[in-house]
Amino acid sequence: MKKALVWLLVLALGAALAQAPKVDGKIAGGEYAKSFKHEKSGITLYWSVVGDTLYLALEGESKGWIGIGFLAEKTDKKKGADQYLFYMEGGKLVALDMYQTKRTGAPVADEREGGKHSILAAAATYEGGKWTVEFSRKLRTGEPTDVDIVPGRKTIVMLAYASKMDPKEEHKKTERWYLEDFVF
């Protein structure tokens, strides 16, 4: 009986891992469970929840960096946002995990505010101004600088990009969008 139960758990874990997207900077057909195209930004968001991990992908056009963020609730503009910014430097992806300490302005690295870098894996392709970014993180990191993602619960998703690859380059207000009541 115990062997059968252990074997069943191994099979279930294997099936769950088999469904996890491959974080390689390329999105294969059917790789993600769900997708959403945001018409105003032109960014398509893909995601799958596998166990306690959220796998996310972004596709969009930008001359510079591209980013996504999460807010549990919008109370004071961007303050409290959990943000992820991606840019290329020397042909290699740089993936930043950041936190918005002030209502406006640039976010800071999670580590500066007592958190940790929560990106488990990240990969991207950037060709001809088109981004494909994939990354993963735990749904609940336990970090004060990260927003818990609860499947089925509404959250605010923020999408943004800039006209330069410089992560210090602030985006224009017309290059930032809030998706309120978004559900993973």
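Me: Buried means under 20% relative accessible area, exposed means over 50%, and partly exposed is anything in between (1.4 Å probe, protein chains only). So which is A160, buried or exposed, and why?

Reply: A160 comes out at 10% relative accessibility. The limit for buried is under 20%, so A160 counts as buried.

Me: What sort of model is this, and what gets counted in it?

Reply: It's a predicted model, where local features need pLDDT of at least 70, side-chain atom pairs count only at pLDDT 80 or more, and totals for chains, interfaces and linings use all residues. Residues are numbered from 1 along each chain as its sequence is written, and side-chain values use heavy atoms, leaving out hydrogens and water.

Me: How many helices and strands does the protein have, and what makes a run of residues count as one?

Reply: There's one helix and eleven strands. Both are DSSP runs numbered from the N terminus: a helix is H or I with at least four residues, and a strand is E with at least two. Reading from the N terminus, the order is α-β-β-β-β-β-β-β-β-β-β-β.

Me: Back to A160. Which strand holds it, and what does it touch?

Reply: A160 is in strand 10, residues 154-161. Contact means heavy atoms within 4.5 Å. Setting aside neighbours within four places in sequence, A160 contacts W65, I66, G67, H171, E175, R176 and W177. For H171, eleven residues along the chain from A160, the two C-alpha atoms are 7.2 Å apart.

Me: How do you know that strand 4 and strand 5 are paired?

Reply: Two strands pair if DSSP finds at least two bridges between them. Strand 4 (residues 66-71) and strand 5 (residues 82-89) share five bridges, in the antiparallel sense, so they pass. One of the links is G69, whose bridge partner in strand 5 is Q83.

Me: What makes strand 7 and strand 11 edge strands?

Reply: They belong to an open sheet of six strands in the order 7-6-5-4-10-11, with antiparallel pairing. Strand 7 (108-109) and strand 11 each pair on one side only.

Me: What links strand 1 to strand 2, and what sits in the turn?

Reply: Strand 1 (residues 34-38) pairs with strand 2 in the antiparallel sense, using five bridges. Within that pairing, F36 has L45 of strand 2 as its bridge partner. The two strands make a hairpin with four residues between them, and G42 in the turn has a positive phi of about 80 degrees.

Me: Why is the pair of W47 and F184 called edge-to-face?

Reply: Rings of Phe, Tyr and Trp (its six-membered ring) pair if their centres lie within 6.5 Å; planes under 30 degrees apart are stacked, over 60 edge-to-face, and the rest tilted. The structure has eleven aromatic pairs. For W47 and F184 the ring centres are 5.6 Å apart and the planes are at 85 degrees, so this pair is edge-to-face. W47 is in strand 2 (residues 43-50) and F184 in the segment after strand 11 (176-183), so the pair ties together parts 137 residues apart in sequence.

Me: And what makes F182 and F184 a pair, and of which kind?

Reply: Their ring centres are 5.1 Å apart, within the 6.5 Å limit, and the planes are at 65 degrees, so that's edge-to-face too. F182, at 8% relative accessibility, counts as buried; F184 is buried as well, at 6%. Both rings belong to one aromatic cluster with F36, W47, F70, Y84, F86 and F135.

Me: How do you know that R137 and Y84 make a polar contact?

Reply: A polar contact is a pair of N or O atoms within 3.5 Å; within protein, one must be able to donate a hydrogen and the other to accept it, and residues adjacent in sequence count only if both atoms are side-chain atoms. The side chains of R137 and Y84 are joined at 3.2 Å, so the distance fits. The R137 side chain also reaches the backbone oxygen of V147 at 2.8 Å. R137 itself is in strand 9 (residues 130-138) and is buried, with a relative accessible area of 0%.

Me: What about D181: is it buried or exposed, and why?

Reply: D181 has a relative accessible area of 53%, and over 50% is the mark for exposed, so D181 is exposed. D181 lies in strand 11, and its phi is near 60 degrees, a positive value in a residue other than glycine.
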